[in-house]
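Welcome, and thanks for taking a look at this one with us. Please have the sequence and the model open side by side as you go through the notes below.

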Amino acid sequence: MTGVQTCALPIYIGSADGVKRKESFDVYRTQKKIHNPETKEIMGVLIKKVGRVTVTDDLQEKSSIATINSSAGSIQIGDFVRTIPEKK
């Protein structure tokens, strides 16, 4: 079930990263680290999309404030944002 939160949260990217007001981002959460079974070296991570946010206020050089558009549960500390892939 998808819940909608109507609150704002800080994201730690800003104008220096090319972020613009009204730009949207998908929010992801790390689910599991993938290890090499022989060396135990971390080879990558599995991620899960947990929501979408839009930059609304207080766009600064290294941070901005985003409004949660949609989420599958709570967006948590440690979740991260990525640009939304362009449709081809």
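**Briefing: strands, core and rings**

Let's begin with Lys32, which is exposed, with a relative accessibility of 52%. Lys32 belongs to strand β2, and everything here describes a predicted model. From that starting point, the notes move on to the sheet, the core and an aromatic pair.

**Around Lys32**

- Apart from residues within four places in sequence, Lys32 has contacts with Gly44, Val45 and Leu46.
- One of these contacts, Val45, is 13 residues away from Lys32 along the chain, yet the two C-alpha atoms are 5.6 Å apart.

**The sheet**

- Five strands make up an open sheet, arranged in the order β1-β4-β3-β2-β5 with antiparallel pairing.
- The edges are taken by β1 and β5 (80-83), each of which has a single partner strand, so one side of each lacks a neighbour in the sheet.
- On average, and with direction ignored, neighbouring strands of this sheet are turned by 55° against each other.
- As general background, strands of a sheet pair through backbone hydrogen bonds, in either a parallel or an antiparallel way.

**Strand by strand**

- Eleven bridges connect β2 and β3, which pair in the antiparallel sense.
- Val27 has Gly51 of β3 as its bridge partner.
- Between β3 and β4, which run antiparallel, there are six bridges.
- Opposite Val53 you will find Ile68 in β4.
- The hairpin of β3 and β4 has six residues between the strands, and Asp58 in this hairpin adopts a positive phi near 50°.
- Four bridges link β1 and β4, again in the antiparallel sense.
- Leu9 has Ala66 of β4 as its bridge partner.

**The nonpolar core**

- Which residues form the largest nonpolar core? There are eleven of them: Leu9, Ile11, Val19, Phe25, Val27, Val50, Val53, Val55, Ala66, Ile68 and Ile75.
- At least two residues of this core come from each of β1 (8-11), β2 (24-35), β3 (42-57) and β4 (64-71).
- β3 gives the largest share, with three residues.
- Some bridge partners named above reappear in this core, including Leu9 and Ala66, as well as Val53 and Ile68.
- Val55, one of the core residues, is a good place to zoom in. Not counting residues up to four places away in sequence, Val55 touches Ile11, Val19, Lys20, Arg21, Lys22, Glu23, Phe25, Ser64, Ile65 and Ala66.
- Among those contacts of Val55, Ile11, Val19, Phe25 and Ala66 are members of the core as well.

**The aromatic pair and its neighbour**

- There is one aromatic pair in the structure.
- Tyr28 and Phe80 make up this pair, and their rings are stacked, with 6.0 Å centre to centre and 25° between the planes.
- Why does this pair tie together parts that are 52 residues apart in sequence? Tyr28 is in strand β2 while Phe80 is in strand β5, so the pair joins those two parts.
- Is Tyr28 buried or exposed? Tyr28 counts as buried, because its relative accessibility is 14%, and the cut-off for buried is under 20%.
- Phe80, with a relative accessible area of 25%, is partly exposed.
- Arg82 joins the picture too: its charged end sits over the ring of Tyr28, at 5.7 Å from the ring centre.

Technical notes. Residues numbered from 1 in each chain as written. Predicted model: local features only at pLDDT ≥ 70, side-chain atom pairs only at ≥ 80, totals over all residues. Heavy atoms only, no water. Core = buried A, V, L, I, M, F, W, Y, C linked by side-chain atoms within 4.5 Å. Buried < 20%, exposed > 50% of the residue type's maximum accessible area, 1.4 Å probe, protein only. Contact = heavy atoms within 4.5 Å. Pairing = 2+ DSSP bridges. Axes fitted to C-alpha atoms, helices over the stretch in contact; angles between N-to-C directions. Phe/Tyr/Trp six-rings, centres within 6.5 Å; stacked < 30°, edge-to-face > 60°. Lys NZ or Arg CZ within 6 Å of the ring centre and 35° of its normal.
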